[in-house]
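Open the model in your viewer and keep the selection box ready. This tour goes stop by stop: what to select, then what is there.

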Amino acid sequence: MDLILSLLQQMCVYLMLAYMLSKTPIFLPLLNISNRLSHKLSIYVLFSLFCIMGTYFGLQINDAIANTRAIGAVMGGLFGGPVVGFFVGLTGGLHRYSLGGFTDLACAISTTAEGLIGGLFHVYFVRKGKSQQLFNPSVVFAITLIAEVVQMTIILIVAKPFDQAYALVSAIAAPMIIANSVGAGLFMSILQDRKTIFEEYSATFSRRALNIAERSIGILASGFNSQNADKIARIIYEETNVGAVSITDEQKILAFVGIGDDHHKPNTPISSQSTLDAINKNAIIYLDGKEKPYQCSLSADCKLGSALIIPLRTGDKVIGTIKLYEPKRKLFSTINMSMAEGIAQLLSSQILFGEYQLKQTLLSQAEIKLLHAQVNPHFLFNALNTISAVVRRDPAKARELIQQLSHFFRSNLKQDIETVTLKEELAHVNAYLSIEKARFTDRLEVNIDIDEGLLKRKVPTFTLQPLVENAIKHGISNLIEGGQIHIYSQKVSGGVQVVVEDNAGSYVAPSQDHAGLGMQIVDKRLTNKFGRAAALNIEVKPNHLTQMSFIIPDENTY
């Protein structure tokens, strides 16, 4: 009994060291099973040291040492596999052999065997898909017990004289089997607790981060302003449970939620020099309230005692900050400190995406205006000449043409929006064609055959009119008579094809020194809306026909 108590006392020191080490990054690689060489090397070094330490903590008994060396050997094999277990046991065994005694060779062999036993159980559980059993304290207890029984057997077989070996085993078998098995189980329990804490920490971090990301998605995409910043600040405040959350731009507070909102007012200038420093230096500033004191610059009675200030960036440019506060006598949790940087990156990405969307919208509007600029001048000139010629012989027709011209330009004024229905687009085309048919008289015939079920579908603005204008300008205008334009739809695989066809067949693709900008813009807007399958397609049969077409995909495919 005295030997058991002595070994358990030694084991407590051993486990205390293990507990202290479990709080350091050294043990983190042990929390997963890996085949990486660096992982296995760290296991070998760590548990070889535990083997050697177990020997030094042992008790001298009859020229032998009662010890807890088996814990390091068995666990080295359990974590690293048979090769690592063998070398951990061999290292611990050779160290024991160097200390001498009549059991030196037997202990060297048995310690190596214990490491190998741990490694074989590692292979068994991994192949069975039960790797988590390697972290089960009860399983580790049983494996170590088996290994210790094997060790006692080896001592009886190898150590000489047998009578002395038998007397030793009779004295130390029960104490060592109990101490090592219990010690290994407790050792694994320490690691298991560390693993559980780490996983709970990661789960909490991930859950909060995902909640913030899910609730805030798209808010800042519509602009980095006070209204949107307030929504984001409230979400972060609710999810992190910090004392207060603030969001600023480069000059003023955009939002403030939490303790101190009675004097930290939105849309007031930034008064904190630390915030200005974070913006100017593009650096995270943590004022912990102790080594780096925090003092509110607005009120001496402010209850906030610490602050974490993180810049918000778009590329390399700082455009503001997010600030998390805690009240006095409360420290920042490591979860909130780690999460704050992730939140800042998330918000920065959203702001950057919002700027990108704004630029895309402005670009789309510029492209539409460019299409307007291409069609309006010469079309207006031709239309006025046509109406001037018609007004003398058919005033009623002239009034109709003026109304169509008014409708056409009124539609143009509405074309700043991104999409319209195909019905609205056709109305715009019809207004345009009314003028052109009056100009070409019997030289132009138009036939429109669009499936009525397609008329409610949305298409990019200014999609058909440039195609029709191109058919007239580069096709019908070259014919002396019999010009025909056919606008129709037909079902194809994956959607409906809309075709603008003329019977001139005189379209020539722009040369490399000519951008063909109108068609390029139409093509780009179609593919941005529907994908590459909807790209503008041009087919020409010289002196016979020109077809310009695009596909409107089925509604459930985009």
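Select β11 (483-492) and β12 (495-502). Eight bridges join these two strands, which run antiparallel. V492 has G495 in β12 as its bridge partner. Strands here are DSSP runs of E with at least two residues, helices are runs of H or I with at least four, and both are numbered from the N terminus. Two strands count as paired if DSSP finds at least two bridges between them.

Before moving on, note that this is a predicted model: local features need pLDDT of at least 70, side-chain atom pairs count only at pLDDT 80 or more, and totals for chains, interfaces and linings use all residues. Residues are numbered from 1 along each chain as its sequence is written, and side-chain values use heavy atoms, with hydrogens and water left out.

**Stop 1: the rest of this sheet**

Add β14 (545-553). β12 and β14 pair in the antiparallel sense over eight bridges. Find E501: Q547 in β14 stands opposite.

Next, add strand β13 (residues 537-541). Five bridges join β13 to β14, and the two run antiparallel. K541 stands opposite L545 in β14. β13 and β14 form a hairpin with three residues between them. Click N543 in the turn: its phi is positive, about 65 degrees.

Now show the whole sheet. It is open, has five strands in the order β9-β11-β12-β14-β13, and its pairing is mixed. β9 (444-449) and β13 stand at the edges with a single partner strand each, so one side of each has no neighbour in the sheet. Neighbouring strands are turned by 15 degrees against each other on average, direction ignored. Angles run from 0 to 180 degrees between N-to-C directions, with axes fitted as lines to C-alpha atoms, for helices over the stretch in contact.

Is β14 largely enclosed or not? Seven of its nine residues are buried, so the rest of the structure largely encloses β14. Buried means under 20% relative accessible area, exposed over 50%, and partly exposed in between (1.4 Å probe, protein chains only).

**Stop 2: the helices on this sheet**

Select α12 (422-440) and α13 (464-474). α12 lies across β9, β11 and β14, and runs at about 165 degrees to β9. α13 lies across β9, β11, β12 and β14, and runs at about 30 degrees to β12. Nine of the eleven residues of α13 are buried. Among them are Q465, E469 and N470.

**Stop 3: the core**

Which residues touch the most other members of the largest nonpolar core? They are V468, I485 and I487, in a core of 32 residues. Such a core is a set of buried Ala, Val, Leu, Ile, Met, Phe, Trp, Tyr and Cys residues joined through side-chain atoms within 4.5 Å. α12 gives the most to this core, with six residues.

Centre on V468. V468 touches V429, Y432, L433, I485, I487 and V500, leaving aside residues up to four places away in sequence. Contact means heavy atoms within 4.5 Å. Apart from this core lies another, of 30 residues, including I43, V88, I143 and L191.

**Stop 4: a second sheet**

Select β4 (253-258) and β5 (285-287). These are the edges of an open sheet of five strands, in the order β4-β3-β7-β6-β5. The pairing is antiparallel. Strand β3 (residues 244-248) and strand β7 (residues 317-327) pair over five bridges. I247 stands opposite I322 in β7. Helix α8 (residues 226-240) packs on the sheet and touches β3, β4 and β7. Helix α9 (residues 273-281) lies across β3, β5, β6 (304-314) and β7, at about 145 degrees to β7.

**Stop 5: two packed helices**

Select helix α3 (residues 69-80) and helix α5 (residues 104-127). They pack at an angle of about 30 degrees, with their axes 6 Å apart. Residues that meet across this pair include A73 and G77 in α3, and G115 and G118 in α5.

**Last stop: annotated stretches**

An unreviewed UniProt entry lists several stretches as "transmembrane region", among them 43-59 and 165-191. UniProt positions are in the numbering used here, feature names are shortened, and annotations may be inferred rather than shown by experiment. Select 165-191: the chain is 100% helix there, and the end C-alpha atoms are 35 Å apart. Residues 43-59 are 82% helix and 6% strand, with end C-alpha atoms 26 Å apart.
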